[in-house]
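Trainee: Could you guide me through reading strand pairing and helix packing in a model of this kind?

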Amino acid sequence: MISLFSHYPRHLSIQQVPGFLFVCNAHGQACVLRRRAAAVVELWKWGREQGVVGLDVVKAVVVGKEEEEEGEGLGLVAQRAIVQGEDVVSVPETLWINAAAIDDSVIAPFCQGLKTPWLRIALLLLHEKTNPNSRWRPYLDALPLALDSPLFWSNEELEELQGTQLLGSVAGYVDYVEKEFNKLFQDVIQANPQIFDPNVFTLEAFLWVFGILRSRTFVPLTGNDLALVPFADLVNHGARIREETASWVKKSTGLFWKAEKNTNMLVLRAPINFLPGEQVLMQYGRSKSNGELALDYGFVEGHSMGSSIRESLSLTLEISETDRFADDKLDIAELNGLDRSVQFDLLRGQGPPDTMLTFLRLTSLTGADAFLLEALFRNSVWGHLSLPVSHDNEEAVCLTMLNGLQAALAGYSTTTEEDIDLLDRGGLSKRKEIAIVIRLGEKRVLQELQTWFEGRMAGLDSLEYYAERRLRDLGLVDDTGSMTPWVLCFLLP
């Protein structure tokens with residue numbers, strides 16, 4: 001069975017609440033960027049006062065097209081030549097918004113029962129955001145109020161994602177945030193209105209924090225070590241950067257025999273050389289798909305870059321519970337590190353993974369081929385399934401995939417050709433371009449798979465199956481499929 005996400009999420013309206021102004025459409029974007037640019041002046045002054053190192057090496061500026069909505073926002077620009085591996089900016093832990101900062105906050109007693117790191121930081125960030133005397137005030141004023149992740153798109157904008165897996169991911173994340181917030185609201189916010197104003201600590205506000213944390217935190221400060229790091233989080237993504245080395249590096253300063261006086265620093269390290277006036281960039285993740293880039297950061301690498309490494313989708317295959325051999329098939333899958341349901345990441349230009357074909361043959365085993373499910377073959381069956389089993393089995397695999405791929409392609413509202421034409425003509429809003437690039441990439445992967453399985457179907461008669469391989473292994477037939485001489489001698493009268 002093939003499972004491709006297609007459900008449509010409801011839209012959360014983003015509204016003005018005390019202490020915030022969430023601008024979630026294109027109008028007024030230039031004004032927002034100018035506000036953030038003005039906030040940078042105070043941010044840099046604050047950073048120097050707080051001991052941030054490297055603020056003379058780079059400066060934050062509005063990058064992209066400030067007068068249009070396509071502007072990237074703020075970025076770091078080199079003030080002198082920067083060499084690969086150089087520590088560009090170093091930010092002391094005293095400025096991080098992390099678990100240690102929560103311990104020093106008035107909200108600490110209310111966070112003790114929260115096991116999810118991002119929820120604790122969300123409470124702190126929102127509390128500080130509405131505090132005019134917050135020690136992070138310059139940083140908070142420089143944070144973006146509008147995010148381009150599909151989590152914040154209107155219903156009309158989300159319609160452009162019809163048929164895509166990204167649309168299902170958006171729904172899943174919104175539902176997750178809502179469930180986490182509802183529990184938090186009941187256990188903490190509602191019970192302590194003197195600390196957490198219900199008009200400020202809203203679902204919309206928490207979704208904004210969720211977007212901020214997903215777009216501005218990087219390894220190693222993720223998971224249980226989650227932290228927002230002022231200045232370092234201004235670095236934008238560079239599609240041209242191929243290096244996989246980390247750009248965020250956690251370092252400890254001080255003397256090892258005086259550990260109590262040591263201070264953690266987050267260092268922004270240059271992945272390549274940068275000339276004066278160039279924007280300092282990092283690689284957000286070579287393995288991330290365009291769907292992940294859109295969901296986390298609100299951008300994609302467009303088809304104009306001539307690269308297909310970002311075009312991918314996830315395909316879920318499963319052993320049907322109604323299959324008469326379901327238990328045996330599940331046992332074989334588990335022996336080989338898989339489960340009843342398996343997700344495969346499919347990349348454009350790479351065809352179906354070998355493990356996926358093996359799993360498909362397992363799920364399609366029936367009739368005369370079911371003898372491979374017997375206990376006698378438990379330790380060897382996976383190897384047998386890594387190659388075609390029989391004409392019927394391989395045909396069933398192809399038909400299953402072709403039917404599923406056809407259904408998935410039918411879910412999109414546009415054709416590949418129409419999407420390419422829209423991108424080539426240009427003049428698109430940033431969000432519409434994101435949507436088109438996403439659905440075009442997914443369709444390309446699906447169509448490539450469709451072509452692969454159609455070719456497989458057409459060549460079924462030329463494949464070698466288990467029976468032929470077994471006879472050859474026993475020496476009963478030669479490499480051409482003809483019976484060996486000694487077998488012929490045995491058969492002759």
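Mentor: Let us begin with the open sheet. In this predicted model, three strands are arranged in the order β4-β7-β6, with antiparallel pairing.

Trainee: Which strands are the edge strands?

Mentor: An edge strand pairs on one side only, and here that applies to β4 (87–92) and β6 (248–253). From one strand to the next, the twist averages 30°.

Trainee: How many bridges join β4 to β7?

Mentor: Five bridges link β4 with β7 (residues 263–269), and the two run antiparallel. Within β7, M265 is the bridge partner of P92.

Trainee: What should I note about strand β9?

Mentor: Consider its burial and then its pairing. Six of the seven residues of β9 (residues 312–318) are buried, so that the strand is mostly covered, where buried means under 20% relative accessible area. Seven bridges connect β9 to β10 (residues 341–347) in an antiparallel arrangement; S314 stands opposite D345 in β10.

Trainee: What describes two packed helices?

Mentor: The general description consists of the angle between their axes and the distance between the axes. For α4 (residues 117–129) and α7 (residues 165–189), the axes come within 12 Å and cross at roughly 60°. The crossing of α4 and α7 is right-handed.

Trainee: Which residues make the contact?

Mentor: From α4, W118, L119 and L123 take part; α7 contributes Y176, V177, E180, L184, V188 and I189. By residue class, the contact of α4 with α7 comprises eight nonpolar residues, one charged and no polar.

Conventions: Residues are numbered from 1 along each chain as its sequence is written. This is a predicted model: local features need pLDDT of at least 70, side-chain atom pairs count only at pLDDT 80 or more; totals for chains, interfaces and linings use all residues. Side-chain values use heavy atoms; hydrogens and water are left out. Axes are lines fitted to C-alpha atoms, for helices over the stretch in contact, and angles run from 0 to 180 degrees between N-to-C directions. Helices (H or I, at least four residues) and strands (E, at least two) are DSSP runs, numbered from the N terminus. A crossing is left-handed if the near helix is turned anticlockwise from the far one by less than a right angle, and right-handed if clockwise. Contact means heavy atoms within 4.5 Å. Ala, Val, Leu, Ile, Met, Phe, Trp, Tyr, Cys and Pro count as nonpolar, Asp, Glu, Lys and Arg as charged, and the others, Gly among them, as polar. Buried means under 20% relative accessible area, exposed over 50%, partly exposed in between (1.4 Å probe, protein chains only). Two strands pair if DSSP finds at least two bridges between them.
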